[in-house]
Amino acid sequence: MWSTIGEAGEFGLIARVTAQFPGTGDVILGPGDDAAIVTAPDNRVVATMDLLVEDRHFRRAWSSPEDVGRKAVAQNFADIAAMGARPTALLVGFAAPRDLPLSWADGLTEGLRAECAHAGGAVVGGDTVAADTITVAITALGDLGGRPAVRRDGARPGDVIAVTGPLGLSSAGYDLLEAGVLGPEHARRALGGAAAGGADPAWAACLREHRRPRPPYAEGPHAARLGARAMLDVSDGLVQDLGHVARASGVAIDLDTAALVPDPALEEAAALLERLGAARRGPVERMLFGGEDHALAAAFPPGTELPPQWRRIGSAAAPGADGAVVTVDGRPARARGWDHFR
């Protein structure tokens, strides 16, 4: 039987992958024809795409193929949710070396399938090609359900800035991995056996968050129903991403660090990294400037009654002399989020 994707061949690999994906009510025609057909009951389709490149976005030494599959779906469907839409379908492009074990492709497929099942969408097609480096390219589609899209340019002076989902954990998880901590057992070795045994320590959640982010998909449409006027996926750092909202909307945004309460896992991770002599960044700094959180940040009209899962973290105002900027506790904040070309 086949052991590599080269042995399976293009069409054997495609057949093996597509057999794992059930259809949904959004899919009229799934994989197997020249193109898929997906319903568009709203008469509009929300579309986005993203890439994961090996050794740029993931490392096989750090992440299982299931992790990569789930992350690929999560970072795309988070953008769909950030428009106030419901995920409906995915198209997957997969490039890989011919000698890649077929089991790796199977694991990637399982990750894609599992995250789609969680988010509510379906894989409806894609393409495969031989390449020197593994690359996963995702095009995601979504449905607005008759509501206006929640764009970045709708924030107004007086609006409440709120967030839902974890902040800072993925950044800490990345630095733990960079420090050689793949899990609790690696930390014990790195610290000479000083790490606690038994159940996983709280900081292990940071590793999980980096490998398999958990976007609050349902909160995108929920925020739209609550009247959110601007929203985005926090993927490049909270301050940097809210800077996009500030500039698009022509407002100044001030964040209140007293409202940024770090998760205990983030606090423990920061302490562990300090003990390891690596990446000394405080928990609140990570919440402000860390990347790949895939939380949602939104601007709501004043007086909006926010549910508990949304946390007020700041406010919007008319721009001052400095223009449409983001400040932290009233002081200028230099955006230090992710930029692929820096």
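These legends accompany four close-up views of a predicted model.

**View 1. Helices H2 and H3 pack side by side at an angle of about 40 degrees.** Here you can follow H2 (residues 65-82) against H3 (102-119), with the two axes 6 Å apart. Angles from 65 to 115 degrees would count as roughly perpendicular and those under 35 as roughly parallel, so H2 and H3 are oblique to each other. The crossing of H2 over H3 is right-handed. On the H2 side, look for Pro 65, Glu 66, Val 68, Gly 69, Arg 70, Ala 72, Val 73, Ala 74 and Phe 77. Their partners in H3 include Trp 104, Leu 108, Glu 110, Leu 112, Glu 115, Cys 116 and His 118. Sorted by class, this contact holds 12 nonpolar, 4 polar and 4 charged residues.

**View 2. Helix H4 meets helix H6, with axes that cross at roughly 100 degrees.** H4 spans residues 169-178 and H6 spans residues 204-211, and their axes come within 7 Å. With that crossing angle, H4 and H6 are therefore roughly perpendicular to each other. From H4, the contact draws on Leu 169, Ser 170, Ala 172, Gly 173, Tyr 174, Leu 176 and Leu 177. H6 answers with Ala 205, Cys 206, Leu 207, Glu 209, His 210 and Arg 211. Counted by class, the residues in the contact of H4 with H6 are 8 nonpolar, 3 polar and 2 charged.

**View 3. Helix H4 also packs against helix H9, at an angle of about 30 degrees.** H9 covers residues 264-275, and the axes of H4 and H9 lie 10 Å apart. This angle makes H4 roughly parallel to H9. H4 passes H9 in a left-handed crossing. To find the contact, start with Leu 169, Ala 172, Asp 175 and Leu 176 of H4, then turn to Ala 265, Leu 266, Ala 269, Leu 272 and Leu 273 of H9. The contact of H4 with H9 has 8 nonpolar residues, 1 charged residue and no polar ones. Leu 169, Ala 172 and Leu 176 of H4 appear in the contact with H6 and also in the contact with H9.

**View 4. The second largest pocket has a volume of about 470 Å³.** There are 25 lining residues, and the closest to the pocket centre are Ile 14, Thr 18, Gly 125, Gly 126 and Asp 127. Helix H1 (5-18), strand E4 (86-96), helix H3 (102-119) and strand E5 (122-130) each bring at least two residues to the lining. Which of the elements gives the most to this lining? That is E5, with 6 residues. By class, the lining of the second largest pocket is made up of 15 nonpolar, 7 polar and 3 charged residues. H3, seen in View 1 against H2, thus returns here as part of the pocket lining.

How values were computed:
Residues numbered from 1 in each chain as written. Predicted model: local features only at pLDDT ≥ 70, side-chain atom pairs only at ≥ 80, totals over all residues. Heavy atoms only, no water. Axes fitted to C-alpha atoms, helices over the stretch in contact; angles between N-to-C directions. Helix = DSSP H or I, 4+ residues; strand = E, 2+ residues; numbered from the N terminus. Parallel < 35°, antiparallel > 145°, perpendicular 65-115°, else oblique. Contact = heavy atoms within 4.5 Å. Nonpolar A, V, L, I, M, F, W, Y, C, P; charged D, E, K, R; others polar. 1 Å grid on protein atoms, 1.4 Å probe; cavity = no way out; pocket = protein on both sides within 12 Å on 5 of 7 lines; lining within 4 Å. Points joined across faces, edges and corners; volume = space filled by probe spheres on them. Left-handed = near helix turned anticlockwise from the far one by under 90°.
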